[in-house]
Amino acid sequence: MKILVTGGSGFIGSHTVVELQAAGHQPVIVDNLYNSNREVLAGLKNIIGQDVLFYDLDCTDESAMRELFKKEKFGGVIHFAAYKAVGESVEQPLKYYQNNIDSLLILLKVMREFGVGNFVFSSSCTVYGQPDTLPVTEDTPRQPATSPYGNTKVMCEDVIRDYVYSKPNLKAISLRYFNPIGAHPSAEIGELPSGVPSNLVPYLTQAAAGLRDKLVVFGDDYDTPDGTCIRDFIHVVDLAKAHVKAIELLDMQTDANYYDVFNVGTGNGNTVLELINTFEEANDVKLNYTTGPRRPGDVEKIWAQSDKANNVLGWKAEKSLTDSLRDAWRWQLALRQRSE
Ligand code: UD1
């Protein structure tokens, strides 16, 4: 199937391109390179052995998207392209609402015009906020979002659900990601945050590489075994494979108007300190870190129940936390080599 991957040169998008190709599909990337660069395309070529079709386009440009759909006959769309910096979204909410919602609305509209009926959306466990019970299932009630970024995920899920219920001949899945980390084992592609990373693992690997003074663990007085927050850290390659399963399930689905949501996590929660210890052991590297105050807006603990994805998508996370942290470190070292 020829599949449009919006945001396909980003962190999760690029890994999904690799897995789509490996499964026999034809990924086509659309990305405006807002938060990625063309080096990703070279990395993809090294893994796949051929160029991936790439369009430097903005998904909020309706006429450009229409031209693209005229040119390429897509069987499905996987929509990653979005702004994702939680802090920035608090400072510039309109930028986030406009970009993340407009791109969705335009895609859905153009898909309808061209009769493209399979749609996978990048959602997030952020829609659960701090859940009352753990692990979270897909039936765990969503909570009001704690940032405009998180709210765009809630709103986009609702837009897709309401639209499918209006029977436009659209089959759609929202995948609620837990915390994606790691990199491709080849170290050809990985996470490339611009500026100072706000997420744990890119900050940690940069600190271990000496690019940052030290990692600060945000809070050690939470109600968890060692006082630090708990997250469900999932290897990005496992997460990428869930997208292949999702688009294939949609393609086989006989109900022309189908919508469902799936948690994509490992089912295990680890504390921030456990992650640090695993990183040090897996890579034989000593990390300079200290503990500091809690970060406002952080949830204390969350991890997934992924039984629905196991049973319905036929997908299961295969890689361990050690695998993830080895690959993340290998990627950081490869980046260092490239800049030398
Ligand atoms: C955030 C977003 C989530 C998004 C994910 C990946 C929210 C509430 N969460 O998750 O939607 O999918 O990023 O982009 O919007 N930590 C430190 N020191 C650091 C950095 C982080 O101790 O320097 C801790 C945090 O306090 C947290 C854990 O590490 O407990 C994970 O943080 P992070 O990687 O930023 O992800 P989330 O906040 O869980």
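**Exercise 1. Work out why Cys125 and Cys229 don't form a disulfide in this predicted model.**

Start with Cys125, which is buried at a relative accessible area of 10%. Cys229 is buried as well, with 5% relative accessibility.

Next, check the sulfurs. From the sulfur of Cys125, the closest cysteine sulfur is the one in Cys229, and it sits 12 Å away. Run the check from Cys229 and you land on Cys125, again at 12 Å.

Now bring in the cut-off: a disulfide needs the two sulfur atoms within 2.5 Å. At 12 Å, the sulfur of Cys125 is too far from that of Cys229, so there's no bond. The disulfide count is therefore zero.

**Exercise 2. Figure out which strands flank E4, and whether its faces are buried or exposed.**

Take the neighbours one at a time. Strand E1, residues 2-6, pairs with E4 in the parallel sense, over four bridges. To find the register, look at Val5: the residue opposite is Ile78 of E4.

Then there's strand E5, residues 118-124, also parallel to E4, with three bridges. Here Val77 is set opposite Phe119 of E5.

Now for the faces. In a regular strand, side chains alternate between the two sides of the sheet. E4 covers residues 76-79, with Gly76 and Ile78 on one side and Val77 and His79 on the other. Those four residues are all buried, so both faces of E4 are covered.

**Exercise 3. Describe how the protein surrounds the ligand, going from the shell as a whole to single contacts.**

First, the head count: 17 residues are around the ligand, and Leu200, Val216, Arg231, Arg295 and Asp298 come nearest.

Second, sort the shell by class. You get nine nonpolar, five polar and three charged residues. Strand E8, residues 215-218, gives the most to the shell, with four residues.

Third, go through the polar contacts, using 3.5 Å between N or O atoms as the cut-off:

- Arg231 puts a polar side-chain atom 2.5 Å from a ligand oxygen.
- Arg295 has a side-chain N or O atom 2.8 Å from an oxygen of the ligand.
- Asn179 does likewise with its side chain, at 2.9 Å from a ligand oxygen.

Finally, see how much of the ligand is covered. On its own, the ligand has 750 Å² of accessible area, and the protein covers 89% of that.

Conventions: Residues numbered from 1 in each chain as written. Predicted model: local features only at pLDDT ≥ 70, side-chain atom pairs only at ≥ 80, totals over all residues. Heavy atoms only, no water. Near = heavy atom within 4 Å. Polar contact = N/O pair within 3.5 Å; in protein donor to acceptor, adjacent residues only side chain to side chain. Areas by Shrake-Rupley, 256 points an atom, 1.4 Å probe, with all protein chains shown as cover. Helix = DSSP H or I, 4+ residues; strand = E, 2+ residues; numbered from the N terminus. Nonpolar A, V, L, I, M, F, W, Y, C, P; charged D, E, K, R; others polar. Buried < 20%, exposed > 50% of the residue type's maximum accessible area, 1.4 Å probe, protein only. Pairing = 2+ DSSP bridges.
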